[in-house]
Amino acid sequence: MTTDLMEMTDEISPEIEARIEYVADLYRESVSPGLARLMMFAGFGDIEDYGEGCLLRTATGKEYLDFVGGFGVFSLGHRHPKVVAAVHRQLDRLPLSTRTFFNQQMGELAKKLSEIAPGDLQYTFFSNSGAEAVEAALKFARVATGKTDFISTNGAFHGKTMGALSVTGREKYRKPHEPLIPGVTFVPFNDLIAMENAVTDKTAAIIIETVQGEGGIFVATTEYMQGLRRLCDERGLLLIVDEVQTGLGRTGKMFGVEHHGVVPDIMTLAKALGGGVMPIGATIATEDIWNRVFGENPLLHTSTFGGNPLACAAGLSALNATIDENLCQNAEERGAQLLTGLRHLQTQYPDAILEVRGQGLIIGVEFPRQEFPEMAINGLTGMGIIAAYTLNNPKVIRIEPPLIVTEAQCATFLQAFGQAVEFAVSLLEGLEE
Ligand SMILES: Cc1ncc(COP(=O)(O)O)c(C=O)c1O
């Protein structure tokens, strides 16, 4: 693949046009007509075809720098060779588990996770997605404490299955599915007093992200995270930290909690754990919690595909690559480069860019109105860069490139982002005149 973004061509052959129309029709007829409309409208009417490192190529031959990174999935980029090789090897032996004999790959990944996880987090339950990892965390917390209720934060995103959605803090996604699981209270993020006031004698756990990803990239303060730990200890609650998006180097440390010296009782992982090749979710907890949940019945919570050898081979290889390639450090350095560049841009457009915030390579740029991100994202796509807004806060453009991103690729992004903001500002000024 070439890295030269200028080589993009707008000429599309009739065959490719017909192929795109064919896939769009499949969406219209068999996937979701609304989604097909939305993708065409948003300028994503192309077919993803090939990925390598930070680059993605579509059916029309256009190449994009991927600055969404699958919302945290592609921390190792696309098709990291070591992960691909590990999955190939496993594919040729035994892809899925019979769930009768021991599964070596699952055992090895669990051991590795207990070695690198903070504090005394020791045992792992494997599933297939972030939401499932959260479901398990909520179930474990109820059984371990004998209590029923949870406290979450406004704007939090923990997934869209029934339990995970119940602790997700956005009305738009919750309302159509109500009644959700009862006993969930939402408080403002980074507000310790509000959290303290929300605790009752029914509260089983607090669930929190160290950086609210879909909420608009809000970074928890150390005072807040340590305060939550203290509060949980004093009131006999569990602290569930959802590291589905922040985990495995994204913030510049292996886990977001490491910025704060806090050890959760239960921690969830997914996205990057599959190395950008396989789906996997993980719920890690202490020995004490494990004994209380699974002590009498080791089959109390199970998953047919969870912990399958293919996903676990990918996971082990992904963890090793993240460590061997010093990706936490690269996330920290490239994150600093991007934050500096974006804050400089903010001084040029103080009315358009309200705030630039982030930690490592999870960065948000907040605009005053939703139209800004929409136009800027469109402009970036035209310049060969994929960007997106945050799901629970569409005024914020999220910047989450693979952790392998280079200094030169970040410089290319910053230049294009400047142009995209200029484009959005002039277009909106034109509309207002
Ligand atoms: C913090 C967090 N938790 C949970 C989830 C849900 O993960 P999934 O979409 O794999 O179910 C997400 C997804 O964006 C997330 O960011």
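**View 1. T268 meets T283 where strands β11 and β12 pair.** In this predicted model, look for T268 and then find its bridge partner in β12, which is T283. The strand on the T268 side is β11, made of residues 266–269. β11 and β12 run antiparallel, and four bridges join them. β12 also pairs with strand β4 (residues 121–127), again in the antiparallel sense, this time over six bridges. To spot that pairing, find F126, which stands opposite A282 in β12. How many of the six residues of β12 are buried? Six of the six, spanning residues 281–286, so the strand is largely enclosed by the rest of the structure.

**View 2. The ligand sits among a dozen or so familiar side chains and backbones, starting with S129, G130 and A131.** Carry on around the ligand and you meet F157, H158 and G159, then E209 and E214, and finally D242, V244, Q245 and K271. Sorted by class, this shell has three nonpolar, five polar and four charged residues. Now zoom in on a few short distances. A backbone N or O atom of G130 lies 2.8 Å from an oxygen atom of the ligand. In the side chain of D242, an N or O atom is 2.7 Å from a nitrogen atom of the ligand. The side chain of K271 joins in too, with an N or O atom 2.9 Å from an oxygen atom of the ligand. How much of the ligand's exposed area does the protein bury? Taken alone the ligand exposes 390 Å², and the protein buries 82% of that.

**View 3. Four strands make an open sheet in the order β1-β2-β3-β15.** The pairing in this sheet is mixed. Its edge strands are β1 (48–52) and β15 (385–386), each pairing on one side only. Start at β1, which pairs with β2 (residues 55–58) in the antiparallel sense over four bridges. Here E52 stands opposite L55 in β2. Next, β2 and β3 pair in the antiparallel sense over three bridges. L55 turns up again in this pairing, where its bridge partner in β3 is L65. At the far side, β3 and β15 run parallel, and two bridges join them. Look there for D66, which stands opposite I386 in β15.

**View 4. Strand β3 is covered on both faces.** In a regular strand the side chains alternate between the two faces of the sheet. Try it on β3 (residues 63–66): E63 and L65 are on one side, and Y64 and D66 are on the other. Are these four buried or exposed? They are all buried. While you're here, follow the chain through the hairpin of β2 and β3, which has four residues between the strands. G61 in this hairpin takes a positive phi near 90°.

**View 5. F71 and R79 show backbone angles worth a second look, as both have a positive phi.** Most residues other than glycine have a negative phi, and most peptide bonds are trans. F71 is not a glycine, but its phi is near 60°. You'll find F71 in helix α3, residues 69–72. Its relative accessible area is 32%, so F71 counts as partly exposed. R79 is not a glycine either, and its phi is about 55°. This residue lies in the loop between α3 and α4 (81–91). R79 counts as partly exposed because its relative accessibility is 41%.

**View 6. The peptide bond from E178 to P179 is cis.** Omega for this bond is near 5°. Where should you look for P179? P179 is in the loop between α8 (171–174) and β6 (184–187).

**View 7. Helix α12 is mostly covered.** This helix runs over residues 309–324, which gives it 16 residues. From its first C-alpha to its last α12 reaches 22 Å, close to the 22 Å expected at 1.5 Å a residue. Of its 16 residues, 13 are buried. An α-helix has 3.6 residues a turn, so residues three or four places apart point the same way. Just after α12 comes N326, which takes a positive phi of about 50°.

Key:
Residues numbered from 1 in each chain as written. Predicted model: local features only at pLDDT ≥ 70, side-chain atom pairs only at ≥ 80, totals over all residues. Heavy atoms only, no water. Expected span 1.5 Å × (residues − 1). Buried < 20%, exposed > 50% of the residue type's maximum accessible area, 1.4 Å probe, protein only. Near = heavy atom within 4 Å. Polar contact = N/O pair within 3.5 Å; in protein donor to acceptor, adjacent residues only side chain to side chain. Areas by Shrake-Rupley, 256 points an atom, 1.4 Å probe, with all protein chains shown as cover. Nonpolar A, V, L, I, M, F, W, Y, C, P; charged D, E, K, R; others polar. Pairing = 2+ DSSP bridges.
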